[in-house]
Amino acid sequence: MTETLTLRRPDDWHLHLRDGAMLAGVLPETARHFARAIIMPNLVPPVVTGAQAAGYRDRILAALPEGMTFEPLMTLYLTEETDPADVAAAAESKLVKAVKLYPAGATTNSASGVQDFDKVQGVLDQMAEIGLPLCVHGEVTDPAVDIFDREAVFIERVLDPVRRATPGLRVVMEHITTADGIDYVKSQDDMGGTITAHHLVINRNHILVGGIHPHYYCLPVAKREEHRQALVAAATSGDPHFFLGTDSAPHTDANKQSACGCAGCFTATNTMSVLAEVFEREDALDRLEGFTSLHGPAFYRLPANEDRITLEKGEPVSYPSHIAIGEGPVTVFDPGFPLHWRVVEA
Ligand code: DOR
Ligand code: ZN
(Lines give C-alpha, C1' and ligand atoms only; values in the text may rest on other atoms or scores of the structure.)
(Ligands and ions follow the chains in the order given, each with its own letter.)
Protein backbone atom coordinates (compact mmCIF):
# COMPACT_ATOMS: atom_id res chain seq x y z
CA MET A 1 0.00 0.00 0.00
CA THR A 2 1.27 3.47 -0.85
CA GLU A 3 2.35 5.49 2.12
CA THR A 4 0.79 8.93 2.23
CA LEU A 5 0.92 11.87 4.57
CA THR A 6 -1.74 14.56 4.71
CA LEU A 7 -0.95 17.88 6.35
CA ARG A 8 -2.59 21.21 6.75
CA ARG A 9 -1.25 23.33 3.92
CA PRO A 10 2.15 24.69 5.01
CA ASP A 11 3.31 28.30 5.24
CA ASP A 12 6.79 29.70 4.74
CA TRP A 13 7.74 32.14 7.49
CA HIS A 14 10.76 33.59 5.64
CA LEU A 15 10.88 33.93 1.85
CA HIS A 16 12.66 36.04 -0.78
CA LEU A 17 10.55 36.63 -3.88
CA ARG A 18 12.47 39.59 -5.41
CA ASP A 19 10.69 41.63 -8.07
CA GLY A 20 10.09 41.81 -11.83
CA ALA A 21 11.06 38.78 -13.94
CA MET A 22 12.59 36.95 -10.97
CA LEU A 23 9.38 37.33 -8.96
CA ALA A 24 7.31 36.00 -11.86
CA GLY A 25 9.64 33.04 -12.25
CA VAL A 26 9.92 31.93 -8.62
CA LEU A 27 6.47 32.74 -7.22
CA PRO A 28 4.75 29.62 -8.65
CA GLU A 29 7.43 27.44 -7.02
CA THR A 30 6.26 28.64 -3.61
CA ALA A 31 2.54 29.05 -4.34
CA ARG A 32 2.29 25.45 -5.56
CA HIS A 33 2.70 24.12 -2.00
CA PHE A 34 2.51 27.03 0.43
CA ALA A 35 -0.56 29.07 1.37
CA ARG A 36 1.25 32.09 2.80
CA ALA A 37 4.74 33.41 3.27
CA ILE A 38 6.45 36.16 5.20
CA ILE A 39 7.97 38.19 2.38
CA MET A 40 11.44 39.59 2.91
CA PRO A 41 11.76 43.32 2.19
CA ASN A 42 15.41 43.40 1.00
CA LEU A 43 14.68 44.67 -2.47
CA VAL A 44 16.80 47.38 -4.06
CA PRO A 45 15.70 49.89 -2.80
CA PRO A 46 14.28 48.14 0.30
CA VAL A 47 10.61 48.03 1.30
CA VAL A 48 10.69 50.56 4.12
CA THR A 49 7.27 52.21 4.31
CA GLY A 50 3.73 50.93 4.46
CA ALA A 51 3.06 52.46 1.04
CA GLN A 52 6.03 50.57 -0.46
CA ALA A 53 4.83 47.32 1.14
CA ALA A 54 1.36 47.84 -0.36
CA GLY A 55 2.89 48.38 -3.81
CA TYR A 56 5.07 45.28 -3.48
CA ARG A 57 2.11 43.20 -2.34
CA ASP A 58 0.17 44.30 -5.42
CA ARG A 59 3.08 43.31 -7.69
CA ILE A 60 3.28 39.87 -6.04
CA LEU A 61 -0.44 39.26 -6.48
CA ALA A 62 -0.27 40.48 -10.09
CA ALA A 63 2.53 37.97 -10.77
CA LEU A 64 0.51 35.03 -9.43
CA PRO A 65 -0.55 32.71 -12.28
CA GLU A 66 -4.27 32.20 -12.93
CA GLY A 67 -5.75 29.53 -10.73
CA MET A 68 -3.13 29.72 -7.98
CA THR A 69 -3.84 31.17 -4.56
CA PHE A 70 -1.22 32.63 -2.26
CA GLU A 71 -1.21 35.23 0.48
CA PRO A 72 1.92 37.35 0.82
CA LEU A 73 2.45 38.45 4.44
CA MET A 74 4.33 41.70 4.11
CA THR A 75 7.21 43.02 6.19
CA LEU A 76 8.95 46.38 6.53
CA TYR A 77 12.71 46.78 6.39
CA LEU A 78 13.84 48.52 9.59
CA THR A 79 16.09 51.53 9.06
CA GLU A 80 17.35 54.18 11.46
CA GLU A 81 14.81 56.53 9.84
CA THR A 82 11.77 54.25 10.15
CA ASP A 83 8.74 56.15 11.44
CA PRO A 84 6.98 54.38 14.35
CA ALA A 85 3.63 55.87 13.28
CA ASP A 86 3.96 54.45 9.76
CA VAL A 87 4.76 51.00 11.20
CA ALA A 88 1.78 51.19 13.53
CA ALA A 89 -0.57 52.22 10.70
CA ALA A 90 0.69 49.43 8.41
CA ALA A 91 0.17 46.88 11.18
CA GLU A 92 -3.23 48.28 12.12
CA SER A 93 -4.45 47.95 8.52
CA LYS A 94 -3.28 44.28 8.61
CA LEU A 95 -0.99 44.92 5.62
CA VAL A 96 2.21 44.27 7.53
CA LYS A 97 2.83 41.24 9.74
CA ALA A 98 6.39 41.91 10.92
CA VAL A 99 9.36 44.25 10.74
CA LYS A 100 12.72 42.92 9.58
CA LEU A 101 15.99 43.82 11.24
CA TYR A 102 19.12 43.50 9.15
CA PRO A 103 22.28 44.61 10.89
CA ALA A 104 23.86 46.96 8.31
CA GLY A 105 26.11 45.00 5.98
CA ALA A 106 25.17 41.54 7.29
CA THR A 107 23.92 40.10 4.01
CA THR A 108 22.43 40.68 0.55
CA ASN A 109 20.98 44.21 0.22
CA SER A 110 21.42 45.07 3.89
CA ALA A 111 23.29 48.34 3.43
CA SER A 112 20.31 50.35 4.73
CA GLY A 113 20.06 48.23 7.88
CA VAL A 114 20.63 49.24 11.46
CA GLN A 115 23.98 50.34 12.88
CA ASP A 116 22.95 52.30 15.93
CA PHE A 117 20.25 50.47 17.86
CA ASP A 118 19.41 53.52 19.97
CA LYS A 119 18.00 55.08 16.81
CA VAL A 120 15.36 52.35 16.41
CA GLN A 121 14.32 52.09 20.05
CA GLY A 122 11.18 54.16 19.42
CA VAL A 123 10.03 51.77 16.68
CA LEU A 124 10.80 48.72 18.81
CA ASP A 125 8.84 50.16 21.74
CA GLN A 126 5.89 50.80 19.44
CA MET A 127 6.10 47.23 18.11
CA ALA A 128 6.18 45.80 21.64
CA GLU A 129 3.08 47.80 22.46
CA ILE A 130 1.07 46.57 19.49
CA GLY A 131 2.51 43.01 19.48
CA LEU A 132 4.08 43.28 16.01
CA PRO A 133 6.93 40.75 15.69
CA LEU A 134 10.51 41.70 14.86
CA CYS A 135 12.20 39.25 12.48
CA VAL A 136 15.92 39.26 13.04
CA HIS A 137 18.85 38.39 10.82
CA GLY A 138 21.04 37.30 13.70
CA GLU A 139 24.64 37.96 12.75
CA VAL A 140 27.09 40.60 13.93
CA THR A 141 29.04 42.36 11.20
CA ASP A 142 32.18 43.17 13.20
CA PRO A 143 35.03 42.16 10.89
CA ALA A 144 36.96 40.93 13.92
CA VAL A 145 34.36 38.20 14.52
CA ASP A 146 34.86 34.99 12.56
CA ILE A 147 32.01 34.37 10.13
CA PHE A 148 31.22 31.01 11.77
CA ASP A 149 30.84 32.74 15.17
CA ARG A 150 28.69 35.65 14.05
CA GLU A 151 25.36 34.17 15.09
CA ALA A 152 26.46 33.14 18.57
CA VAL A 153 28.09 36.53 19.18
CA PHE A 154 24.96 38.33 17.94
CA ILE A 155 22.88 36.72 20.67
CA GLU A 156 24.97 38.13 23.49
CA ARG A 157 25.98 41.45 21.92
CA VAL A 158 22.74 42.46 20.22
CA LEU A 159 19.72 40.21 20.58
CA ASP A 160 19.67 39.79 24.33
CA PRO A 161 20.37 43.49 25.03
CA VAL A 162 17.68 44.61 22.54
CA ARG A 163 15.13 42.29 24.11
CA ARG A 164 16.01 43.45 27.62
CA ALA A 165 15.68 47.07 26.52
CA THR A 166 12.25 46.37 24.98
CA PRO A 167 10.08 44.34 27.32
CA GLY A 168 7.27 42.55 25.53
CA LEU A 169 8.91 42.71 22.09
CA ARG A 170 8.06 39.54 20.17
CA VAL A 171 11.08 38.35 18.20
CA VAL A 172 11.70 35.69 15.58
CA MET A 173 15.31 34.61 15.33
CA GLU A 174 15.43 33.69 11.67
CA HIS A 175 17.27 30.92 9.88
CA ILE A 176 18.94 29.60 13.02
CA THR A 177 22.18 27.79 12.22
CA THR A 178 23.70 27.05 15.61
CA ALA A 179 22.99 25.11 18.79
CA ASP A 180 23.51 28.47 20.55
CA GLY A 181 20.57 29.96 18.64
CA ILE A 182 18.38 26.94 19.37
CA ASP A 183 19.19 27.03 23.10
CA TYR A 184 18.52 30.75 23.34
CA VAL A 185 15.15 30.66 21.55
CA LYS A 186 14.03 27.58 23.43
CA SER A 187 14.57 29.32 26.75
CA GLN A 188 12.47 32.41 25.91
CA ASP A 189 8.70 32.78 26.14
CA ASP A 190 8.05 35.50 23.59
CA MET A 191 10.33 34.19 20.86
CA GLY A 192 10.05 32.03 17.78
CA GLY A 193 12.80 30.63 15.64
CA THR A 194 12.72 29.70 11.97
CA ILE A 195 14.81 26.93 10.48
CA THR A 196 15.45 26.39 6.77
CA ALA A 197 15.28 23.06 4.97
CA HIS A 198 18.83 23.43 3.68
CA HIS A 199 20.37 23.99 7.11
CA LEU A 200 18.79 20.70 8.18
CA VAL A 201 20.79 18.82 5.53
CA ILE A 202 24.09 20.62 4.91
CA ASN A 203 27.00 21.51 7.11
CA ARG A 204 30.00 23.65 6.23
CA ASN A 205 31.81 20.76 4.59
CA HIS A 206 29.17 20.75 1.86
CA ILE A 207 30.27 24.25 0.90
CA LEU A 208 34.01 23.81 1.01
CA VAL A 209 35.13 20.19 0.62
CA GLY A 210 36.12 19.04 -2.87
CA GLY A 211 35.96 22.56 -4.31
CA ILE A 212 33.75 25.55 -3.58
CA HIS A 213 30.06 24.78 -3.97
CA PRO A 214 28.38 28.15 -4.46
CA HIS A 215 24.85 26.78 -4.41
CA TYR A 216 25.34 25.75 -0.77
CA TYR A 217 26.55 29.19 0.22
CA CYS A 218 24.03 31.31 2.09
CA LEU A 219 23.94 33.55 5.15
CA PRO A 220 24.08 32.71 7.92
CA VAL A 221 26.57 30.23 6.52
CA ALA A 222 26.07 26.57 7.40
CA LYS A 223 28.07 25.55 10.49
CA ARG A 224 29.66 22.38 11.88
CA GLU A 225 27.85 19.04 11.80
CA GLU A 226 27.05 19.20 15.53
CA HIS A 227 25.06 22.39 14.88
CA ARG A 228 23.15 20.80 12.01
CA GLN A 229 22.23 17.99 14.38
CA ALA A 230 20.95 20.50 16.94
CA LEU A 231 18.76 22.07 14.24
CA VAL A 232 17.32 18.70 13.25
CA ALA A 233 16.63 17.87 16.89
CA ALA A 234 14.82 21.19 17.40
CA ALA A 235 12.80 21.07 14.17
CA THR A 236 11.65 17.49 14.77
CA SER A 237 11.08 17.90 18.53
CA GLY A 238 7.55 19.28 18.31
CA ASP A 239 8.64 22.37 20.28
CA PRO A 240 6.31 25.17 19.13
CA HIS A 241 9.12 27.75 19.28
CA PHE A 242 10.40 26.38 15.97
CA PHE A 243 8.83 26.61 12.53
CA LEU A 244 9.72 26.57 8.87
CA GLY A 245 11.20 29.63 7.21
CA THR A 246 12.81 28.44 4.00
CA ASP A 247 14.89 31.56 3.29
CA SER A 248 14.54 30.41 -0.31
CA ALA A 249 16.67 33.10 -1.96
CA PRO A 250 16.96 33.03 -5.74
CA HIS A 251 20.01 34.39 -7.52
CA THR A 252 20.84 33.67 -11.14
CA ASP A 253 23.63 31.19 -11.76
CA ALA A 254 25.72 34.01 -13.19
CA ASN A 255 25.50 35.80 -9.85
CA LYS A 256 26.19 32.67 -7.77
CA GLN A 257 28.97 31.22 -9.90
CA SER A 258 31.27 34.20 -9.95
CA ALA A 259 34.37 35.45 -8.20
CA CYS A 260 32.12 36.99 -5.53
CA GLY A 261 29.09 34.73 -5.47
CA CYS A 262 25.85 35.87 -3.86
CA ALA A 263 24.55 34.25 -0.68
CA GLY A 264 21.33 32.24 -0.97
CA CYS A 265 19.96 28.76 -1.59
CA PHE A 266 16.88 28.40 -3.79
CA THR A 267 14.77 25.75 -2.08
CA ALA A 268 11.13 26.66 -2.77
CA THR A 269 10.72 23.87 -5.33
CA ASN A 270 11.63 20.89 -3.17
CA THR A 271 11.43 22.05 0.45
CA MET A 272 8.49 19.80 1.33
CA SER A 273 10.22 16.70 -0.09
CA VAL A 274 13.44 17.52 1.72
CA LEU A 275 11.62 18.05 5.01
CA ALA A 276 9.64 14.82 4.74
CA GLU A 277 12.89 12.94 4.19
CA VAL A 278 14.55 14.59 7.20
CA PHE A 279 11.57 14.04 9.50
CA GLU A 280 11.17 10.43 8.38
CA ARG A 281 14.82 9.68 9.19
CA GLU A 282 14.16 10.99 12.70
CA ASP A 283 10.99 8.93 12.96
CA ALA A 284 9.14 12.21 13.38
CA LEU A 285 6.79 12.41 10.38
CA ASP A 286 3.95 12.95 12.85
CA ARG A 287 5.64 16.23 13.85
CA LEU A 288 6.10 17.62 10.36
CA GLU A 289 2.71 19.34 10.35
CA GLY A 290 3.52 21.22 13.54
CA PHE A 291 6.76 22.53 12.02
CA THR A 292 5.35 23.48 8.62
CA SER A 293 1.73 24.38 9.34
CA LEU A 294 0.89 24.99 13.03
CA HIS A 295 3.69 26.56 15.07
CA GLY A 296 4.19 29.51 12.70
CA PRO A 297 0.54 30.62 12.62
CA ALA A 298 0.38 30.24 16.40
CA PHE A 299 3.36 32.57 16.85
CA TYR A 300 2.01 35.11 14.36
CA ARG A 301 -1.46 34.87 15.90
CA LEU A 302 -3.03 33.83 12.61
CA PRO A 303 -5.36 30.89 11.98
CA ALA A 304 -3.80 27.68 10.65
CA ASN A 305 -4.75 26.89 7.06
CA GLU A 306 -7.91 24.84 6.66
CA ASP A 307 -7.03 23.06 3.42
CA ARG A 308 -4.63 20.15 3.18
CA ILE A 309 -1.78 18.86 1.02
CA THR A 310 -0.90 15.22 0.56
CA LEU A 311 2.55 13.74 0.15
CA GLU A 312 3.12 10.27 -1.22
CA LYS A 313 6.16 8.07 -0.75
CA GLY A 314 7.58 6.22 -3.75
CA GLU A 315 10.45 6.05 -6.21
CA PRO A 316 12.94 8.92 -5.96
CA VAL A 317 11.37 12.19 -7.11
CA SER A 318 13.17 14.17 -9.76
CA TYR A 319 13.10 17.92 -9.62
CA PRO A 320 14.25 20.33 -12.30
CA SER A 321 17.87 21.26 -11.67
CA HIS A 322 17.10 24.84 -12.74
CA ILE A 323 14.20 27.21 -12.98
CA ALA A 324 14.28 29.29 -16.16
CA ILE A 325 13.99 32.98 -15.38
CA GLY A 326 14.14 35.88 -17.83
CA GLU A 327 17.40 37.06 -16.27
CA GLY A 328 18.99 33.59 -16.48
CA PRO A 329 18.65 30.19 -14.81
CA VAL A 330 18.33 29.73 -11.03
CA THR A 331 19.71 26.46 -9.64
CA VAL A 332 17.34 24.45 -7.44
CA PHE A 333 18.82 23.22 -4.15
CA ASP A 334 20.29 19.72 -4.42
CA PRO A 335 20.12 17.99 -1.02
CA GLY A 336 22.64 15.40 -2.19
CA PHE A 337 20.44 12.38 -1.46
CA PRO A 338 17.34 10.92 -3.08
CA LEU A 339 13.96 12.36 -2.11
CA HIS A 340 11.14 9.84 -1.87
CA TRP A 341 8.20 12.02 -0.81
CA ARG A 342 6.35 14.05 -3.42
CA VAL A 343 3.49 16.46 -2.97
CA VAL A 344 0.68 14.87 -4.96
CA GLU A 345 -2.28 17.03 -4.04
CA ALA A 346 -1.77 20.61 -3.29
O1 DOR B 1 21.64 33.64 2.03
C2 DOR B 1 20.96 34.64 2.12
N3 DOR B 1 20.36 35.20 1.07
N4 DOR B 1 20.83 35.19 3.33
C5 DOR B 1 20.22 36.37 3.50
O6 DOR B 1 20.14 36.82 4.60
C7 DOR B 1 19.72 37.13 2.33
C8 DOR B 1 19.41 36.24 1.22
C9 DOR B 1 19.19 36.97 -0.08
O10 DOR B 1 18.47 37.97 -0.09
O11 DOR B 1 19.71 36.53 -1.10
ZN1 ZN C 1 16.59 35.64 4.11
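The following legends describe close-up views of a predicted model.

**Figure 1. Surroundings of ligand 1.** The shell around ligand 1 comprises 13 residues. The closest of them are Arg18, Asn42, Leu219, His251 and Ala263. By residue class, the shell divides into four nonpolar, seven polar and two charged residues. Ligand 1 sits in the largest cavity.

**Figure 2. Polar contacts of ligand 1.** Two histidine side chains and one backbone atom are shown with the ligand. In the side chain of His251, an N or O atom lies 2.7 Å from an oxygen atom of ligand 1. The side chain of His137 likewise places an N or O atom 3.2 Å from an oxygen atom of the ligand. A nitrogen atom of ligand 1 is found 3.0 Å from a polar backbone atom of Ala263. Of the 290 Å² that ligand 1 exposes when taken alone, the protein buries 100%.

**Figure 3. Coordination of the zinc ion (ligand 2).** The zinc ion is coordinated by NE2 of His14, NE2 of His16 and OD of Asp247, at 2.0 to 2.1 Å. Along the sequence, these donor residues follow the spacing H-x1-H-x230-D. Distant parts of the chain are linked by the pair His16 and Asp247, which are 231 residues apart. His16 belongs to the loop between strand E2 (12-15) and helix H1 (20-31). Asp247 belongs to the loop between strand E9 (242-244) and helix H10 (253-256).

**Figure 4. The cis peptide bond between Val44 and Pro45.** Most peptide bonds are trans. The bond joining Val44 and Pro45 is cis, with omega at about -5°. Pro45 is located in the loop that runs between strand E3 (36-39) and helix H2 (50-63).

**Figure 5. The cis peptide bond between Leu219 and Pro220.** The bond from Leu219 to Pro220 is cis, and its omega is near -5°. Pro220 occupies the loop between helix H8 (204-208) and helix H9 (225-235). Leu219 is also one of the closest residues to ligand 1.

**Figure 6. Backbone conformation at His175.** Most residues other than glycine have a negative phi. His175, a residue other than glycine, has a positive phi, near 35°. His175 is placed in the loop between strand E7 (171-173) and helix H6 (179-186).

Definitions and conventions
Residues are numbered from 1 along each chain as its sequence is written. Chains are lettered from A and ligands numbered from 1 in the order in which they are written. This is a predicted model: local features need pLDDT of at least 70, side-chain atom pairs count only at pLDDT 80 or more; totals for chains, interfaces and linings use all residues. Side-chain values use heavy atoms; hydrogens and water are left out. A residue is near a molecule or strand if one of its heavy atoms lies within 4 Å of it. A polar contact is a pair of N or O atoms within 3.5 Å; within protein, one must be able to donate a hydrogen and the other to accept it, and residues adjacent in sequence count only if both atoms are side-chain atoms. Accessible areas come from the Shrake-Rupley method with a 1.4 Å probe; for residues, only the protein chains shown count as cover. On a 1 Å grid over the protein atoms alone, a cavity is a set of points where a 1.4 Å probe fits but cannot get out, and a pocket is an open set with protein on both sides within 12 Å along at least five of seven lines; lining residues have an atom within 4 Å of a point. A molecule sits in a cavity or pocket if more than half of its atoms lie within 2 Å of its grid points. Ala, Val, Leu, Ile, Met, Phe, Trp, Tyr, Cys and Pro count as nonpolar, Asp, Glu, Lys and Arg as charged, and the others, Gly among them, as polar. Donors are N, O and S atoms within 2.8 Å of the metal (3.2 Å for Na, K and Ca); water is not among the atoms, so sites may look incomplete. Helices (H or I, at least four residues) and strands (E, at least two) are DSSP runs, numbered from the N terminus.
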